Amino acid sequence: MSDDGHEQNGHERVPSRRRRRFPGISSRAYEHPADRSALVALRRLSGFDTVFKALSGLLPERSLRLLFLSDSVRVSDQQFTHLNDMLRDACYILDLEKVPPMYVNQDPQPNAMCIGLDEPIIVVTTGLVELLDEEEMRAVVGHEVGHALSGHSVYRTILLFLTSLALRVAWIPLGNLAVLALVTALREWFRKSELSADRAGLLVGQDLRASMRGLMKIAGGNHLHEMNVDAFLQQAQEYEAGGDLRDSVLKILNVLPRSHPFTTVRAAELKKWAESRDYQRIMDGHYPRRTEDKDASVGDSFKESAASYASDVKSSKDPLMKLVTDIAGGAGGLGGRVKRGFDGFTSAPPPRDGRPQDGPSQDAPPQDEE
């Protein structure tokens, strides 16, 4: 509801709690720089434009819409009215003129998605509806409306189709490799787009604690009395900083098949943004408008994304990211640090004289490998 409490643009049923509204807001206001960078990289992937154009005409979107219409419950003034209020309120706050259709699908797995090529469709599962309270669910609905405003639904739909296609063409020599390359690139982008949509969810719900609770429940179930936000965020710090280079490689391998970032990472990223000057400026009414999108500089977006990545790498506590920083800075003792990072993959060779050898003193400087 707007600050004056009036009903506008047909959004006549909105919750009573006063929230700030962002007329004409551009998705650039909340999009994570990594989201934009990954999307640019995706579009530059060899063959992506050809595949995109082909799939845009082949994907059975009408069939998809009929499937949800026939086998799910459509949110409306008569069905799941509390979700309908949240949806209309989210579209009102982010100034999305056309409210996307929303369906509740029977599935015990907590999940939500925004798909569709011509027009977005929002789908939430019964597992998610039963898991979250009203304010937590509001953030999720805002998250999906953020996907719709950013135009993410098109690429998400293609990702779902290609994931299914990869299973069907697994027997074709080289064919599966080509599909998997696109799927991997799409997943990398989509993980980054989730960080953007989390920000949109916060702009809609305007309750960081609710957003944090929702992410904790998705990770640990409906046991809030057993969980603590600070401890949950501490997990993200331990995940980023813990281990050695072997763990850094394992992190990459673990995340590759996922469509979403790890939940603790999402919580830490969202809290960081909520405490930033950028978020406060949006809440104060200073944000890019959609009317300015056509004048937005692509070069400036590239620079912003590059600066964000450089800052993330520089401030990261991950062993691999530290190594990248050292390489860029020409740090001394690099060879010794690489060796220590991967200690444990292979056992050390026996000493040449056959005698036991003491471990290096902690005070002794590492020796560079030739």
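Two residues are in contact when they have heavy atoms within 4.5 Å of each other. With that in hand, here are some exercises on this predicted model.

**Exercise 1. The chain as a whole**

Task: Find what share of the contacts between residues at least 6 apart in sequence join residues at least 24 apart, and describe the make-up of the chain.

Solution: Start with the contacts. Of those between residues at least 6 apart in sequence, 74% join residues at least 24 apart. Next, list the elements: the protein chain has 16 helices and 4 strands. Finally, turn to burial, where 42% of the 370 residues are buried.

**Exercise 2. Checking helix α6**

Task: Work out what span helix α6 (residues 134-150) should have, and compare it with the distance between its end C-alpha atoms. Is α6 largely enclosed or largely open?

Solution: First, take the 17 residues of α6 at 1.5 Å a residue; the expected span is 24 Å. The multiplier is one less than the number of residues. The end C-alpha atoms of α6 are 24 Å apart, which agrees with that expectation.

Second, look at burial. In α6, 15 of the 17 residues are buried, so the helix is largely enclosed by the rest of the structure.

Third, inspect the two ends. At the start of α6, a side-chain oxygen of Asp133 comes to within 3.1 Å of the backbone nitrogen of Glu135. After α6 comes Gly151, with a positive phi near 75 degrees.

**Exercise 3. Helix α12 and its aromatic partner**

Task: Repeat the span check for helix α12 (residues 263-274), then classify the ring pair of Trp273 and Tyr279.

Solution: Begin with the length. The 12 residues of α12 should span 16 Å at 1.5 Å a residue, and the end C-alpha atoms are indeed 16 Å apart.

Then pick out the buried residues of α12: Thr263, Thr264, Arg266, Ala267, Leu270, Trp273 and Ala274. A general point helps in reading such a list: an α-helix has 3.6 residues a turn, so residues three or four places apart point the same way.

Now the rings. The count of aromatic pairs comes to 5. For Trp273 and Tyr279, the ring centres are 5.1 Å apart and the planes stand at 65 degrees, so this pair is edge-to-face; the cut-off for that class is over 60 degrees. Trp273 and Tyr279 are both buried.

**Exercise 4. Cores and charges over rings**

Task: Which residues have the most contacts inside the largest nonpolar core, and which arginine lies over the face of Phe190?

Solution: Take the largest core to begin with. This core has 46 residues, and Met137 and Leu203 have the most contacts inside it. Beyond its neighbours within four places in sequence, Met137 touches Leu83, Met86, Val124, Leu128, Val129 and Leu132. Apart from the largest core lies another, of 11 residues, which include Leu162, Val183, Leu186 and Phe190.

Follow Phe190 from there. Phe190 forms one aromatic cluster with Tyr155 and Trp189. Arg156 lies over the face of Phe190, 4.5 Å from the ring centre. A further example is Arg289, which lies over the face of Tyr287 at 3.8 Å from the ring centre.

**Exercise 5. Two residues with positive phi**

Task: Phe80 and Gln206 have positive phi without being glycines. Where does each lie, in terms of the elements around it?

Solution: Phe80 has a phi of about 50 degrees and sits in the loop between β1 (73-74) and α4 (81-93). With a relative accessible area of 30%, Phe80 is partly exposed.

Gln206 also has a phi of about 50 degrees, and its place is the loop between α8 (175-205) and α9 (208-220). Gln206 has a relative accessible area of 18%, so it counts as buried.

**Exercise 6. Two serines**

Task: Decide whether Ser76 is buried or exposed, do likewise for Ser27, and find the polar partner of each side chain.

Solution: Ser76 lies in the loop between β1 and α4. Its relative accessibility of 18% makes Ser76 buried. The side chain of Ser76 reaches the backbone nitrogen of Gln78 at 3.1 Å. Leaving aside neighbours within four places in sequence, Ser76 contacts Thr81 and Asn84.

Ser27 lies in the segment before α1 (33-43) and is buried, at 12% relative accessible area. The side chains of Ser27 and Glu31 make a polar contact at 3.0 Å. Outside its neighbours within four places in sequence, Ser27 is in contact with Leu149 and Ser150.

Notes:
Residues numbered from 1 in each chain as written. Predicted model: local features only at pLDDT ≥ 70, side-chain atom pairs only at ≥ 80, totals over all residues. Heavy atoms only, no water. Buried < 20%, exposed > 50% of the residue type's maximum accessible area, 1.4 Å probe, protein only. Phe/Tyr/Trp six-rings, centres within 6.5 Å; stacked < 30°, edge-to-face > 60°. Lys NZ or Arg CZ within 6 Å of the ring centre and 35° of its normal. Polar contact = N/O pair within 3.5 Å; in protein donor to acceptor, adjacent residues only side chain to side chain. Core = buried A, V, L, I, M, F, W, Y, C linked by side-chain atoms within 4.5 Å.
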